[in-house]
Amino acid sequence: MKNKLTYIIDDDKLTVKLMSILISKNKFCEEIQSYNNAQHALEELKKNEFDNEILPDAILLDLNMPMMDGWQFLDEFIELSLKKEIFIFIMTSSIDPADIEKAKEYQIVKDYIEKPITAKKLDILCKLIGEIN
């Protein structure tokens, strides 16, 4: 398994719970850390930015959240001095074509996945991680 740690950044507790169950069941990664506030996840990344072992391999990011939305998170994320490549996947209920196009502007975003997450969608993400590594 190439993906050891995955961050789930989503303010919806039910979505996080369901995603965590599905991720564990499908062996997408060894460990999951969830954040219902993107700012908290960003602080954790900053705290560990020089320790690749503690950094996540993948981030599943919701767009529509209070305080700091997914776009603000991405803007701050690209300013970090990370040496490790982290795969960011937008996981959102937004089907707005403008959001899809905006996501393409971020090179760090590997894919845009509409909720709900399914086992098939997780398989696609695993393949993407494998192709990129």
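**Close-up views of the predicted model**

**View 1. Isoleucine 21 is partly exposed, its relative accessible area being 46%.** Isoleucine 21 belongs to helix α1, which covers residues 13-25. Together with Leu14 and Leu18, Ile21 makes a nonpolar surface patch of about 310 Å². The coordinates shown here and in the other views come from a predicted model.

**View 2. Cysteine 29 and cysteine 126 are not joined by a disulfide.** The closest cysteine sulfur to that of cysteine 29 lies in cysteine 126, at 8.8 Å, which is too far for a bond. A disulfide requires the two sulfur atoms to be within 2.5 Å, and by this rule the model has zero disulfides. Cysteine 126 is likewise in no disulfide, with the sulfur of cysteine 29 as its nearest cysteine sulfur.

**View 3. Surroundings of the two cysteines: buried or exposed?** Cysteine 29 has a relative accessibility of 8% and is therefore buried. Cysteine 126, at a relative accessible area of 33%, is partly exposed. The cut-off for buried is under 20% relative accessible area, and exposed begins over 50%.

**View 4. Confidence is lowest in helix α5 and highest in helix α3.** Helix α5, residues 119-132, has a mean pLDDT of 79. Helix α3, residues 70-77, has a mean of 98. Over the protein the mean pLDDT is 91, and 96% of the residues reach 70 or more. Where pLDDT is low, predicted coordinates should not be read in detail.

Note on methods:
Residues numbered from 1 in each chain as written. Predicted model: local features only at pLDDT ≥ 70, side-chain atom pairs only at ≥ 80, totals over all residues. Heavy atoms only, no water. Buried < 20%, exposed > 50% of the residue type's maximum accessible area, 1.4 Å probe, protein only. pLDDT = per-residue confidence, 0-100. Helix = DSSP H or I, 4+ residues; strand = E, 2+ residues; numbered from the N terminus. Patch = residues over 30% accessible without salt bridge, like charges linked within 9 Å, V, L, I, M, F, W, Y side chains within 5 Å. Areas by Shrake-Rupley, 256 points an atom, 1.4 Å probe, with all protein chains shown as cover. Salt bridge = Lys/Arg side-chain N within 4 Å of Asp/Glu carboxyl O.
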